[in-house]
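Take a moment with the model below. We will go from the DNA to the symmetry and then to the inside.

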2 protein chains.
Amino acid sequence: MQTRGEFGNVDGRSLDELAPRERVIRTASDLFYRLSINSVGIDRIIAESGVAKMTFYKHFPSKAALIATYLRDTRAIWFQMLATATEKPGLSTVERVLAIFDAIDEPLQARTFRGCSFARGLAEFGPEANTPEVQATIAEYFKELHEFVASLIEPLALGNPKRAVIQILSLIQGSFVMAQSIPDPEIVQANREAARLLLENDLAALSKRET
Amino acid sequence: MQTRGEFGNVDGRSLDELAPRERVIRTASDLFYRLSINSVGIDRIIAESGVAKMTFYKHFPSKAALIATYLRDTRAIWFQMLATATEKPGLSTVERVLAIFDAIDEPLQARTFRGCSFARGLAEFGPEANTPEVQATIAEYFKELHEFVASLIEPLALGNPKRAVIQILSLIQGSFVMAQSIPDPEIVQANREAARLLLENDLAALSKRET
DNA sequence: CCACAATTAGACAGACCTGTATGTATTTGC
DNA sequence: GCAAATACATACAGGTCTGTCTAATTGTGG
């Protein structure tokens with residue numbers, strides 16, 4: 001079975017019962033994530049997805065457009081996962097933040113984990129690249145993730161919410177890098193604990209100031 | 001002036017007064033870091049370093065060997081910087097850890113900062129790549145960095161030093177990713193504060209247990 | 001059953017890639 | 001000053017890259 005992005009395949013349908021466009025996207029997602037974007041050529045994607053070259057170029061005007069589609073799809077899956085994890089009823093605000101770490105714990109320990117698709121995208125398509133569509137998609141992801149965490153902790157009304165957002169995002173992105181560079185089953189739990197302690201310390205400082 | 005890796009040029013000599021081999025390394029380091037490794041070809045490195053192709057292949061048996069040299073040099077510079085920052089006399093153990101954050105604060109805010117060369121290397125040369133020399137160099141870096149932080153906090157005799165190492169490394173790597181994705185002058189300071197709070201909390205738990 | 005759209009196969013252009021070959025110029029050691 | 005090592009310029013081989021073109025085949029709606 002193919003995997004897609006950091007968090008696996010969405011439905012279980014096999015490749016050859018899908019429409020050509022979807023077959024291309026799945027194959028490309030798998031190869032891009034496993035190997036990196038620049039090291040996978042169109043020819044290989046076409047061969048492994050069992051699609052004709054002209055069919056590919058009918059659906060995607062260029063490789064850059066396929067990359068952008070891959071990144072947009074990965075972003076959608078990831079934010080969907082974040083939403084279901086954090087929007088469980090009955091969770092406190094702090095628990096919602098910690099739920100992010102609980103949600104990524106297992107995927108990051110998977111043998112197939114290769115880091116954050118967008119941090120890796122930034123490594124290949126930085127400011128000096130000539131692929132505005134790809135770069136814009138990556139930039140939007142980071143902006144959206146930042147806004148997500150900011151609005152998540154907003155109910156806490158912390159004294160320095162901006163700092164807390166930076167710390168939480170750093171612990172998440174740090175987990176991604178660590179998980180692929182120095183595998184250890186306790187990485188995410190360690191950073192979950194760090195996030196909990198940081199938030200509870202901020203809250204304690206708040207209530208102390210009130211008294 | 002050329003920059004080399006995350007932390008700038010070492011000496012100020014201009015390119016054309018250097019030996020060919022060094023000229024190649026400097027040019028390659030600059031291009032690899034600014035653009036990514038796979039998107040920079042040998043021809044461009046040769047052209048911009050003003051060296052003949054045969055001279056290049058006399059000094060480096062392959063492009064992979066040049067990449068490994070680039071990574072090893074970057075690693076040496078980075079660990080040299082870590083050593084001078086943390087080995088200042090009169091610092092407490094906690095202050096030595098925080099000195100890492102102080103040392104990276106300014107470089108990470110530089111307009112030319114493009115993230116950690118090794119995390120980016122991992123993005124391009126993951127487990128399925130066919131470049132053992134490059135992959136080994138990257139793996140060695142992460143192992144060495146892990147050991148550096150582990151031995152740095154060893155004098156604290158924490159109850160769970162492994163967890164503290166993960167947290168500190170995650171905050172560092174998280175800073176690298178954040179600095180290039182959502183630039184903000186307070187990123188490193190925020191994570192420095194996080195590291196301080198985590199360590200001091202661990203130490204407080206220790207002294208409480210002793211009493 | 002037929003017309004039309006979508007998909008297929010495969011060749012091709014032009015650029016770029018790594019690495020080699022050939023010969024000339026320049027520097028360096030003695 | 002001379003010999004040997006080093007570096008130079010340039011062409012080339014063989015492969016891969018993206019994207020285009022032609023033409024045959026398949027599938028589908030009416």
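How many nonpolar, polar and charged residues does the surface near DNA strand C have, by class? That surface has seven nonpolar, five polar and five charged residues. Here Ala, Val, Leu, Ile, Met, Phe, Trp, Tyr, Cys and Pro count as nonpolar, Asp, Glu, Lys and Arg as charged, and the others, Gly among them, as polar. A residue is near a strand if one of its heavy atoms lies within 4 Å of it.

Before going on, some ground rules. This is a predicted model, in which local features need pLDDT of at least 70, side-chain atom pairs count only at pLDDT 80 or more, and totals for chains, interfaces and linings use all residues. Residues are numbered from 1 along each chain as its sequence is written, chains are lettered from A and ligands numbered from 1 in the order in which they are written, and side-chain values use heavy atoms, with hydrogens and water left out.

Stay with DNA strand C. It is surrounded by 17 residues, and A:R23, A:T55, B:I42, B:K53 and B:K63 are the closest. Polar contacts (pairs of N or O atoms within 3.5 Å; within protein, one must be able to donate a hydrogen and the other to accept it, and residues adjacent in sequence count only if both atoms are side-chain atoms) fill in the detail. A backbone N or O atom of B:I42 sits 2.5 Å from a phosphate oxygen of the strand. B:K63 also uses its backbone: a polar atom there is 2.9 Å from a phosphate oxygen. B:K53 reaches a base instead, with a polar side-chain atom 2.6 Å from a base oxygen. The elements that give two or more residues to this surface are α1 (20–35) and α3 of chain A, together with α2 (42–49) and α3 of chain B. α3(A) gives the most, with four residues. Helices are DSSP runs (H or I, at least four residues), as are strands (E, at least two), numbered from the N terminus. Of the strand C atoms within 4 Å of the protein, 42% belong to sugar or phosphate and the rest to bases.

Now turn to DNA strand D. Of the 16 residues around it, A:I42, A:K53, A:M54, A:K63 and B:T55 come nearest. A backbone N or O atom of A:I42 is 2.5 Å from a phosphate oxygen. The side chain of A:K53 places an N or O atom 2.6 Å from a base oxygen. The side chain of B:T55 has an N or O atom 3.3 Å from a phosphate oxygen. For strand D, 50% of the atoms within 4 Å of the protein belong to sugar or phosphate.

How are the two chains related? A rotation of 180° with 0.0 Å of shift along its axis superposes chain B on chain A, with RMSD 0.0 Å. The two copies are thus related as by a two-fold rotation axis. The fit is by least squares on the C-alpha atoms of residues with pLDDT of at least 70 in both. In chain B, B:G174 comes closest to the axis, at 2.0 Å (C-alpha).

Last, look inside. The largest cavity is lined by 17 residues, and A:A119, A:V177, B:A119, B:R120 and B:V177 lie nearest its centre. A cavity is a set of points, on a 1 Å grid over the protein atoms alone, where a 1.4 Å probe fits but cannot get out; lining residues have an atom within 4 Å of a point. The lining divides into 10 nonpolar, five polar and two charged residues. Its largest share, four residues, comes from α8(B).

Terms used
1 Å grid on protein atoms, 1.4 Å probe; cavity = no way out; pocket = protein on both sides within 12 Å on 5 of 7 lines; lining within 4 Å.
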